[in-house]
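Below is a short set of questions and answers on one protein model. Please look at the sequence and structure first.

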Amino acid sequence: MELFSRSLAVLMLFIISPLILFISVGSLLFHGLPIFFKHERVGFKHKFFFLYKFRTMKINNENQSITELGDSRITIWGKILRALKLDELPQLWNIVKGDMRFIGPRPEIQQYVNEYDFSFLENIKPGLTDFSSILLRNEVVILSNAGGIGRYPELLKIKTELGHMYAEQKGFWLDMKLVILTLISIILP
């Protein structure tokens, strides 16, 4: 399964390389270098890795790890990339490298992994999408309606519970269902 995921990610990177090139040129024109954003996350067996995304924020922001509704750090180009989830495409490289899978709980930063129960990382790799990515697709709006980014710990408890649920139930058919639901959530947010 691991070889299949990595091979599929290589194939996808090849197929969407024109789109990646277009986004890269757009990023360069609209907000300059660097085009990519890398951030340290905790992965399988609690080992650190760098998660890659297209940069969507201004450089030298406040280093706040949670994004708010109407966050002034996000560029106009970045808003477009985020709305279409295109900023996530470089994570295919994380799959090729073996840091992540297509399906699995979203990787978090060390601070939250230290404070909450991420023991499922002993058994599964983080992924591009999972239950929480689908159910909490508009996380920024959910946090805003719940009272702001100060409520993120409550949301994180839900995410970790969903991570544990996935780890207990993971399998080919569940992964296929999550892929389909993810595509639906992107097309019909």
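Q: Which residues in helix 2 are met by Leu13, Phe14 and Ile15 in helix 1?
A: Contact means heavy atoms within 4.5 Å, and helices are DSSP runs (H or I, at least four residues) numbered from the N terminus. On the helix 1 side the residues are Leu13, Phe14 and Ile15. The contact divides into 5 nonpolar, 1 polar and no charged residues, where Ala, Val, Leu, Ile, Met, Phe, Trp, Tyr, Cys and Pro count as nonpolar, Asp, Glu, Lys and Arg as charged, and the others, Gly among them, as polar. The partners in helix 2 are Ser17, Pro18 and Ile20.

Q: How is this model to be read, and what is the mean pLDDT of the protein?
A: The model is predicted: local features need pLDDT (the predictor's confidence in each residue, from 0 to 100) of at least 70, side-chain atom pairs count only at 80 or more, and totals for chains, interfaces and linings use all residues. Residues are numbered from 1 along each chain as its sequence is written, and side-chain values use heavy atoms, with hydrogens and water left out. In the protein, 98% of residues reach 70 or more, and the mean is 92.

Q: At what angle do helix 1 and helix 2 pack?
A: Axes are lines fitted to C-alpha atoms, for helices over the stretch in contact, and angles run from 0 to 180 degrees between N-to-C directions. The axes of helix 1 (residues 2–15) and helix 2 are 4 Å apart, and the angle is about 60°.

Q: Why is helix 7 described as it is relative to helix 8?
A: Helix 7 (residues 139–146) and helix 8 (residues 152–169) pack at about 130°, with axes 10 Å apart. Angles under 35 degrees count as roughly parallel, over 145 as roughly antiparallel, 65 to 115 as roughly perpendicular and the rest as oblique. Helix 7 and helix 8 are therefore oblique.

Q: Is Ser27 buried or exposed?
A: Ser27 lies in helix 2 (residues 17–31). Leaving aside neighbours within four places in sequence, Ser27 is in contact with Gly32, Ile35, Phe54, Trp77 and Leu81. Buried means under 20% relative accessible area, exposed over 50%, partly exposed in between (1.4 Å probe, protein chains only). At 0% relative accessibility, Ser27 counts as buried.

Q: What is the relative accessible area of Val140?
A: Val140 lies in helix 7. Beyond its neighbours within four places in sequence, Val140 is in contact with Thr67, Glu68 and Leu69. Val140 is partly exposed, with a relative accessible area of 25%.

Methods: Helix = DSSP H or I, 4+ residues; strand = E, 2+ residues; numbered from the N terminus.
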